[in-house]
Structures are given as C-alpha cells and as structure tokens.
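Please look over the sequence and the model shown below before reading on. The report that accompanies them is meant to be read beside the coordinates.

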Amino acid sequence: MKLSMSDLLKKLRKYNQRNYLQFVFCMTFSVLLITSYAVMLYSTLVQQTLPVGGDSRKQVMMIFAIALAGCLIFIVYSAGLFLKYKSRETGVFLALGTKKNYLAKKLMIELLQLMLVCIVSGVLLGIGLAFLIWRIFQLVLSNLGDMTLGLSFTGVTIGAAFGLVSMILVLFQLYRFVRRTDMMEILYHQQTSEPLRPVTTKYGVSGVVLLAAGVLLGFVGRTVVGYIGFQLPAIWNLTYLLSLVGIYRIMTYTIMKNKRGRNPQQYYNHLIAANMMKFQGRQTVRNMSIVALLLAASIFASFYPPQLANSRQSVLESPADYTLHYQLSEDEVDQAAIYQLAKKHDVKIKGYQEIIFSELVISGVERDWTDDGKLKEEYIPDYRLADFIDATTFNQEMKQKLVVPEGTYYKIKGKEATESFFEKDSDMDQVTNPVTKQKTALKFAGTIASQQLINNGNSRYILNDHDYHKITSQLNAKHQIKQILFNVADAEASYPFAQELYQAFLSKASPKMAVQKNYDAYQESKALTENQRYDYGEKMKLTVENHDLMEYWKYYPMMKILVQNTFFQTTAVYFLVFIYVAIICLAAVGVISYTRSITIGLTNQQLFEDLKRLGANNRYIRKCVINQLNKLFVVPTLVAALMIYAFTLLIFGVNDGQITSNETRALMMDSALLGLIFVYQLIIYSVSFRKIKGILNI
C-alpha cells in the first residue's frame, strides 16, 4: 500500500494525538482568555463606567497588559514543546531523504490549519464566556435594572489580533526549527537541554533588591518627588521593569541554588531533582516568572473589591442614620413630610435635627503641574463656596465643647480623613460675604472630626460666634444650607421608608439641584463673567435608576440602609471587571502550572525509568517530583503574594500617611482572599502530582 506524505502525517497525528491536543488546548485557551477579557473590558457598559484617566481604568489596563504578555509567552512555550515532540519524526523524514523545503511547507500547512481552528474557536468561546459571566452576574445581583453589557467590535478585534500575532510567532518558531542545518540536531532536539549559568547568593539577593527597587522607585519615588514640587515624566513608569528583572533573578537563583552547606545528606538527597531542573533551567525560569506575574495581577485585581466594599464604611459608621441637605430656598422635603412618610411605614424617628449652614466665598490655593513637571501654586482670594456654622450651634447640636478663638476657624473633617496633596486644611485665610462683599481675615486653628456633618460638595468650617454673626449678616436663603439629621428605632426595617423618602427627595429637587458634587455656583458665575468654559456645569439625571447619583450628585441624601442595600448595584461594574480579571488570570495560572508540571513527567520519563533500573524505588521518585513541583508552585506564589501585599500596604500608607480602620478591614479581607488563592494553587498542585504519578506509574 502506497502512502503519500499527507497520509503519513495524518497517521503520525493520530499516533501523537496527546501532543496535538495539548498544543490545541493551550492556544485555544489563551485566545479564549484574552478575547473574553477584551470583550468584557471594551464592552459599552464597562467603558462608560470606568472614568477616563481614572486609577481603576489604569489598573485594569495594566493587568490586561500582563495577561497579554503572559498568554503570549505561554503559547510560544507550548509551541516549543510541540515542536520538540515533532523533532524526532522530522529528523526521520530528513534522514529518509525528504527535502527541507517540502517538509517545512507540509508542517506549516498543518500548523496553520490547527492554529486557525484554535483562533476561531477561542474568539467565539471567549465572546460566549464573557456573556455567560455577565448573565451569572445579573442573576446574583437581580436589581441591576436595564443594564446591558454591549458587545464592542474593539474587544473581538483584540482577541482575533492576539491570535494572529501568536500564529506569526509560532510560524517563526517553525521556520527556525526547520532551518537547522544539522539533521542530527533536529533528530535529538527533544532531548536537548537549556541550562542556565551557575549563580551566586549575590545574584539572588540582587533579585530581591531589584524587585523592591522597582516598586519603591515606581510608586513611592513618584509620590515623594511630587511632594517636593515636581512631577516625574511618564517614562519614569519604566522603573517598574526593575521588578520584572528582580522576579526573573529570584526564580533563576531558586532553580540554580544547590550547595552542600551544613547538611550534605540533604544536598545529595535532592541532587538528582535539582539537576533535572537545571538542565531545563531556561524553560522553567520563564514559566515560573510568567506564573508569578499572572498571580500578581490576579491578587492585585482581587484586592480591589475589598477596598471598594470598605470605601463606604465611614458612611455606615456615621452617628446619623439619615442625612439630607439642600439650599434653604429650595422647596424640598421638610420635617412634616418626613414624619408623614415615617408614620406610613410605621418607622419611629429619634433625635431629629435641623442645622442651618451659611455659604460664604473662601480663599484658597489652586495647585497644578506645569508642562515641565513643576508644581504650580496660585493663591485665589475668592476661590469657591464653603459652608460655615458658629461654635455655639455646633456644640449644641453635636454635644461638643469646642472653643474657637476670635479670628480663627476649625475645619470639619471625616473621622480618619487627612490632607490631600492638592488641598491643605490651612489653605483658607479669608472669607467673603457673597451679598455684602465684606472680607474677613481668618487663621487656621485646627480640625475636628464630625462624620455626620460631612457635605458631599462643599468644605465645612466652624467660626467664633462673634465672627460668624458679623460675616453672615444680610445673607438670604439662597446662601444658606439646611441639613436634616435623624435616626430610626429599627434601621433594617426602615428600607421601604428610605426608598420612598429618596424618591420624594428626587421628585421635589429642582433643576438647579441636578449638579455634580464638584459644582460650585460662584466658580461658574466667575467663568461666565470672564467668558470661560466651566467644566462642572453638566446636569445630572435625577432618577432612582441613575446609580451614579450616590457617587457624584452634590445633594445625594446619605441614608445608611439605602447605601448598604444598593451599594453593590451602584458599583456592580467595578466588582464585575476586577473579579473577572482575577478569575481569568487565575485560570491562566492553573493551566500554565499544570502544563509545565506534566512536562516534568513526560520529558523526564526515560530518566525516571533509568533511575528505577539503578535501584530507585517509587518513594524516591515521588520525592524527586515533589521537590520540583514545590519550586514550580511555592516560589512564584510566595513572591507574587508578598509583592502585592507589600505594594497594597505602600498604597495605603503613602496615600494619606496612615492606615485607616477601613483599610485595616480591607487588609483582613485581602488576607482571606490570599488564603483562597493558596488553596487554589494547592488543588492544581495535587491534580498535577496525581497526573505525573500516572505518567510515571508510581
């Protein structure tokens, strides 16, 4: 029976089905992950939600870049394994007289067919996975309203482009593989090793130093220089690459370190396992580095939801269950309307308070960066509006004993709030009556915490009684703010009351109230007078369905039970994106680690058989395998976990110079998530070990 080259390749494909399936799975899975990620990230819903230039968008894009690089390197790695499996049969064909060009053409056609199927399948499955996850998310949070994901052409294009780039890289690998001049080199390519040069302890220490230096220079360095008065250029972010070099060095040192030390017997016990890893050093180090990066991305993404979940904790810890504020001139809900709704829902109101604040024009300092990276500070005597209250009223309503000397002021802040870089507590040194234009010089005396009086828009200050009455003379209702505060007997049972009160508040709000929290009426009037554009004049849609109101509306009423029950609906997209990213990266880690683990068994199968013939029992073989798996799994996991946990601590500490109670709670949740990731890695480890035992028959 006469067989053509196509028939022979078909038979070989059937005989080596496992190797083909491994390559097809790895490439399809990688394209699937990237497509799914891109479809979710570039969906209409996510793009409209993540603020342009915001930290959350930058974080997601950074993790996306890591996932792209990791999956791309993984495909190159799996293609290299596949070509190693093909090396023997390729060498046999060459030995039988098959021309290189003809063989290269056949192999290229075969790989092209495989990869095109992988790309198409990966893109389609990625789209399906993205919408499946979104559907599950909708079922978990049933009150998302009419939110739809929205498939974008960009996301699908990125997935397809990733597949095509991967295909080009694999074809280039094939070209290099077939271009080898030595037939015997091709024939024994599967047995070739990729050792690394020996390294010293200094090499490992330098890896730790570079890892820390990359994080410190990239994040802390930028912050420190910013406080000095300079802004580092965007190219400074390349300092983070030092951390990548550090990770690579740490992994290399872990593989290459194997000295006799003080316990020679332990050295000899692990000698074979250690040298097996050294002979495949480059592959192993690359693999461990990719796993560490993807794990770091996954941990970083999984740490975001706890931080977001605790961001509203300060509201929930406020002494007041319900807080509403609006201009005194507005026809909004009043005490009678509130008590009427409370009676309707059988809610008992306790400690009802109404506090009147006066709106005055304050001086301030506007800080910004110049084009050459220097800090520019401009003092403005009539900067913006702020709310003021006299010391006696504050002490009576808040049950305090604050003494405010004449000619000074106190700033009202949240319980754990600190100064920001662009706004200092002592910036104000003058107030102006917007009606009489009377100016009064004041000095900063300090800050006082009062969470329930925090305004979602204006800053708030306390004045000496004499100063207050002198400065606020002739102010009308348009320049006065009413704040209503009260508690209820059973906060959990008051949710229907809160919903109807919120609806009533929205329905009575005038168009003048439909403004963002950064809106300032005085700044707008100044801009219009000077024929300049005002950036915060855009009106908001005041409807219950508009979830952006909680975060961005100037007059949003803080009702603890409403915030607690609707928080996940208003921030659902953020949770979706970051949890999705974490899962995608973890899935990639699992597949990459499992694939590399199986390679240990398949590549060294003959060596383990030889060890058995030399007298090694199954127990010794298992120890050799465990020794290698420990390095593959434990080292990247610990490096990634320690790096991101330390980076999170830096973020919390550097941002405001302290770690707040909210951040402490987030860290506790982060620790629990790390525990889950460790369990996940342990499961992959166990599955891989069981598979290797089957391959080696131990």
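What follows goes from the chain as a whole to one strand, then to aromatic rings and to backbone details.

The structure is a predicted model, in which local features need pLDDT of at least 70 and side-chain atom pairs count only at pLDDT 80 or more, while totals for chains, interfaces and linings use all residues. Residues are numbered from 1 along each chain as its sequence is written, and side-chain values use heavy atoms, with hydrogens and water left out.

**The chain as a whole**

The secondary structure comes to 24 helices and 10 strands, where helices (H or I, at least four residues) and strands (E, at least two) are DSSP runs numbered from the N terminus. Of the 698 residues in the chain, 50% are buried; buried means under 20% relative accessible area, exposed means over 50%, and partly exposed lies in between (1.4 Å probe, protein chains only). Among contacts (heavy atoms within 4.5 Å) with a separation of 6 or more, 81% are made by residues 24 or more positions apart. The accessible surface of the chain is about 33900 Å², and 59% of this area belongs to carbon and sulfur atoms; accessible areas come from the Shrake-Rupley method with a 1.4 Å probe, and for residues only the protein chains shown count as cover.

**Strand β4**

Strand β4 (residues 408-413) is mostly covered, with six of its six residues buried. Thr408, Tyr410 and Ile412 on one side are buried, as are Tyr409, Lys411 and Lys413 on the other, and both faces of the strand are thus covered. The table gives the strands with which β4 pairs, two strands being paired if DSSP finds at least two bridges between them.

| Partner of β4 | Sense | Bridges | Residue opposite Lys411 |
|---|---|---|---|
| β7 (residues 443-449) | parallel | six bridges | Thr447 |
| β8 (residues 460-463) | antiparallel | four bridges | Tyr461 |

**Aromatic rings**

Rings of Phe, Tyr and Trp (its six-membered ring) pair if their centres lie within 6.5 Å, and planes under 30 degrees apart count as stacked, over 60 as edge-to-face and the rest as tilted. By this rule the count comes to 19 aromatic pairs. One of them is the tilted pair of Phe300 and Phe647, with 6.0 Å from centre to centre and 40° between the planes. This pair links distant parts of the chain, since Phe300 lies in helix α12 (residues 281-309) and Phe647 in helix α23 (residues 618-656), 347 residues apart. Phe300 is buried at a relative accessible area of 12%, and Phe647 is buried at 13%.

The rings of Phe505 and Trp553 have centres 5.9 Å apart and planes at 65°, so this pair is edge-to-face. Because Phe505 lies in helix α17 (residues 495-508) and Trp553 in the loop between α19 (549-552) and β10 (558-559), the pair ties together parts that are 48 residues apart in sequence. Phe505 and Trp553 are both buried. Elsewhere, ring pairs link Tyr322, Tyr339, Tyr352, Phe486 and Phe497 into a cluster.

**Backbone details**

Lys437, in the loop between β5 (430-432) and β6 (439-441), has a positive phi near 65° although this residue is not a glycine. Lys437 is exposed, with a relative accessible area of 52%. Asn531, which is also not a glycine, has a positive phi of about 55° and is placed in the loop between α18 and α19. At 74% relative accessibility, Asn531 is exposed.
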